[in-house]
Amino acid sequence: EGKSDFCFMIAYVENGVPKIGVVYEPAKGRLFSAEKNYKAYLTENGSMIELEPLRHGITLKNVLVGDSVNYKGKKFERLFQVLGVPEKNRRISGALGTRMMEVALQKLHVIPVYHKVKEWDVAAGDVILNARGIPVIDFEGNSLRYNKENPVIERGVLVVHPDIKATVLENIAVLENDGYSP
């Protein structure tokens, strides 16, 4: 259909923890790869480069959010309202893996995923973002575990720049205390 927001994701998981991740975006000609706790790389046009160091100074005033084209609704709107994220700071994409790689490239800073998601839609991106120092967690701030008997991540997924992680989690907790839940 001429869309470029799709990817193929492969992860090697050991004892519930993803160790190696590869994400390929064929329409963009980009291949991302990383090993947990090491560096993340981008291969494009036949050249492999290490992704640049993570920039800091991200606040709720300059945050860019990856918003899903597939799961819009009041859950997103309420969180964005509480965080103070204006419409102009939201980037729409269909594929979670593509949004995760936009965070790896520092074009996005937060991705909230409220619906249940399969482990294989997250694990490879988790490794790449971990190598960048960017947490991939649930809405309570817990690291995700993989290769479970039921491969569904029930409590949503939150990809969040470390500069604003605590603030975002605090706001989610306040919302949940008011009856809001992902």
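Start by selecting Val122 in this predicted model and showing its neighbours. Leaving aside residues up to four places away in sequence, Val122 touches Met9, Leu96, Met100, Val117, Val136, Leu144, Tyr146, Ile153 and Val157.

Now widen the view to the core around this residue. Val122 is among the residues with the most contacts inside the largest nonpolar core, together with Met100, Val157 and Val159. That core has 35 residues. To see where they come from, colour strands E1 (8-14), E3 (30-35), E4 (40-44), E8 (110-113) and E12 (157-160), along with helices H2 (96-104) and H3 (123-131); each of these supplies at least two residues of the core. Which element gives the most to this core? Select H3: it contributes 6 residues.

Apart from this core lies another one, of 19 residues. To find it, select Phe80, Leu83, Ile137 and Ile164, which are among its members.

**Helix H2**

Next, select H2 and display the rest of the structure around it. Is this helix enclosed or open to the outside? All the way along, 9 of the 9 residues of H2 are buried, so the helix is largely enclosed by the rest of the structure. Click through them in order: Leu96, Gly97, Thr98, Arg99, Met100, Met101, Glu102, Val103 and Ala104. Notice that Arg99 and Glu102 are on this buried list, and keep Glu102 in mind for the last stop. Moving on past the helix, H2 is followed by Gln106, which has a positive phi, near 65 degrees.

**A nonpolar patch on the surface**

Turn to the outside and select Phe6, Phe8 and Tyr24. These residues form a nonpolar patch on the surface, and together they have about 300 Å² of accessible area. Phe8 lies in strand E1, and it counts as exposed because its relative accessibility is 51%. Phe6 has 35% relative accessibility, so it counts as partly exposed.

Stay here for the rings. How many aromatic pairs does a search of the whole structure find? It finds 1. The pair is Phe6 with Phe8, in an edge-to-face arrangement: the centres are 6.4 Å apart, with 85 degrees between the planes.

**Salt bridges**

The structure holds 9 salt bridges, and a few make good stops. Begin with Arg55 and Glu52, where the closest N and O atoms are 2.6 Å apart. Arg55 is partly exposed at 43% relative accessibility, and Glu52 is partly exposed at 44%.

Then select Glu154 and Lys116, a salt bridge whose closest N and O atoms are 3.3 Å apart. This pair links distant parts of the chain: Glu154 sits in the loop between E11 (152-153) and E12, Lys116 in the loop between E8 and E9 (117-118), and they are 38 residues apart. Glu154 counts as partly exposed, at 42% relative accessibility, whereas Lys116, at 55%, counts as exposed.

A further stop is Lys148 with Glu119, whose side chains meet in a salt bridge of 3.0 Å, N to O. Lys148 is in the loop between E10 (136-137) and E11, and Glu119 is in the loop between E9 and H3, so the pair ties together parts that lie 29 residues apart in sequence. Which partner is buried or exposed? Lys148 is partly exposed at 36% relative accessibility, while Glu119 is buried at 5%.

Finish by selecting Glu25, Lys28, Arg30 and Glu102: salt bridges that share partners join these residues into one network. Glu102 brings you back to H2, where it is one of the buried residues.

Note on methods
Residues are numbered from 1 along each chain as its sequence is written. This is a predicted model: local features need pLDDT of at least 70, side-chain atom pairs count only at pLDDT 80 or more; totals for chains, interfaces and linings use all residues. Side-chain values use heavy atoms; hydrogens and water are left out. A nonpolar core is a set of buried Ala, Val, Leu, Ile, Met, Phe, Trp, Tyr and Cys residues joined through side-chain atoms within 4.5 Å. Buried means under 20% relative accessible area, exposed over 50%, partly exposed in between (1.4 Å probe, protein chains only). Helices (H or I, at least four residues) and strands (E, at least two) are DSSP runs, numbered from the N terminus. Contact means heavy atoms within 4.5 Å. Patches are made of residues with over 30% relative accessible area and no salt bridge: like charges are joined within 9 Å, nonpolar side chains (Val, Leu, Ile, Met, Phe, Trp, Tyr) within 5 Å. Accessible areas come from the Shrake-Rupley method with a 1.4 Å probe; for residues, only the protein chains shown count as cover. A salt bridge is a side-chain nitrogen of Lys or Arg within 4 Å of a carboxyl oxygen of Asp or Glu. Rings of Phe, Tyr and Trp (its six-membered ring) pair if their centres lie within 6.5 Å; planes under 30 degrees apart count as stacked, over 60 as edge-to-face and the rest as tilted.
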